[in-house]
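The exercises that follow are meant to be worked with the sequence and the coordinates open side by side. Each task is followed by a solution that proceeds step by step.

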Amino acid sequence: MTAIRLRLLAAALAASLSAAPAFAQNRCAVTDPTGTPLNIRETPNGEIIGRVSNGAGIRVINTSSDERGRAWALISPRGRNHVVGWVYREFVSCY
């Protein structure tokens with residue numbers, strides 16, 4: 001398992017083991033107003049490791065902020081249980 005996947009798995013596990021109520025939002029979609037694919041990152045505002053298409057259904061597992069206070073969301077594809085990475089939360093809509 002790569003170091004990136006191990007870190008993402010650790011982040012997802014830490015989120016699921018927290019004492020706080022479950023945060024996951026299951027019905028979300030990428031809603032980037034530019035219409036372009038949204039970058040997926042290893043950490044909030046970290047290295048780009050992939051992209052997700054605008055309009056794609058996703059699940060928000062957890063949220064965090066970067067050093068500038070911007071919100072980020074840890075995501076997985078809707079209907080699947082594997083964690084993909086972090087996306088800029090401003091371009092995700094949940095309903």
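**Exercise 1. A charged pair**

Does Asp66 count as buried or exposed, and at what relative accessibility? Find its charged partner as well, bearing in mind that the model is a predicted one.

Solution. Begin with the accessibility: Asp66 has a relative accessibility of 8%, and because the cut-off for buried is under 20%, Asp66 counts as buried. Next, look for a positive side chain, which leads to Arg70, whose salt bridge with Asp66 has its closest N and O atoms 2.8 Å apart. Arg70, at 22% relative accessibility, counts as partly exposed. To finish, search the rest of the model in the same manner, and the count of salt bridges in the structure comes to 1.

**Exercise 2. An acidic residue without a salt bridge**

Locate Asp32 in the chain, and work out which side chain of opposite charge is nearest to Asp32 and how far away that side chain is.

Solution. Asp32 has its place in the loop between β1 and β2. Asp32 is buried but takes part in no salt bridge, since the cut-off for one is 4 Å between nitrogen and carboxyl oxygen, whereas the nearest oppositely charged side chain, that of Arg51, is 9.2 Å away. Turning to polar partners, the side chains of Asp32 and Thr34 are joined by a polar contact of 2.8 Å. If neighbours within four places in sequence are set aside, the residues in contact with Asp32 are Pro37, Leu38, Asn54 and Phe91.

Gly35 belongs to the loop between β1 and β2, where Gly35 is partly exposed with a relative accessible area of 47%. Computed along the sequence, Gly35 and Gly55 are 20 residues apart, while their C-alpha atoms are 8.5 Å apart in space.**Exercise 3. Strand order and pairing**

State how many helices and strands the chain has, and then trace how β1, β4 and β5 are paired.

Solution. The secondary structure amounts to 1 helix and 7 strands, and along the sequence these follow the pattern α-β-β-β-β-β-β-β. Start from β1, which pairs with β4 in the antiparallel sense over 3 bridges, with Gln25 standing opposite Val60 of β4. β1 also pairs with β7 (residues 92-94), again antiparallel and over 3 bridges, and here the bridge partner of Ala29 is Ser93 in β7. Now move on to β4, which runs antiparallel to β5 and is joined to β5 by 7 bridges; in this pairing Val60 stands opposite Ile75. Val60 of β4 therefore faces Gln25 in one pairing and Ile75 of β5 in the other.

**Exercise 4. Two hairpins and their turns**

Which residue has a positive phi in the hairpin of β2 and β3, and which one in the hairpin of β4 and β5?

Solution. β2 and β3 (residues 48-52) run antiparallel and are joined by 4 bridges, and Arg41 stands opposite Ile48 of β3. The hairpin formed by β2 and β3 has 6 residues between the strands, and Asn45 in the turn has a positive phi of about 60°. Most residues other than glycine have a negative phi. Asn45, a residue other than glycine, has a positive value, and its relative accessible area of 31% makes Asn45 partly exposed. In the hairpin of β4 and β5, with 5 residues between the strands, the positive phi belongs to Gly69 and is near 85°.

**Exercise 5. The nonpolar cores**

How many residues make up the largest nonpolar core, and which elements give two or more residues to this core?

Solution. The largest nonpolar core has 11 residues in all, among them Cys28, Val30, Leu38, Val52, Ile75 and Val92. Two or more residues are given to this core by each of β1 (25-30), β2 (38-41), β4 (57-65) and β5 (71-77). A second, separate core of 5 residues includes Ile61, Leu74, Val83 and Trp86. In soluble globular proteins, nonpolar side chains tend to be buried together.

Take Val30 as an example: with neighbours within four places in sequence left out, its contacts include Leu38, Val52, Ile58 and Phe91. For the chain as a whole, 27% of the 95 residues count as buried, and of the contacts between residues at least 6 apart in sequence, 50% join residues at least 24 apart.

Technical notes. Residues numbered from 1 in each chain as written. Predicted model: local features only at pLDDT ≥ 70, side-chain atom pairs only at ≥ 80, totals over all residues. Heavy atoms only, no water. Core = buried A, V, L, I, M, F, W, Y, C linked by side-chain atoms within 4.5 Å. Buried < 20%, exposed > 50% of the residue type's maximum accessible area, 1.4 Å probe, protein only. Contact = heavy atoms within 4.5 Å. Pairing = 2+ DSSP bridges. Lys, Arg positive; Asp, Glu negative; His and termini not counted. Polar contact = N/O pair within 3.5 Å; in protein donor to acceptor, adjacent residues only side chain to side chain.
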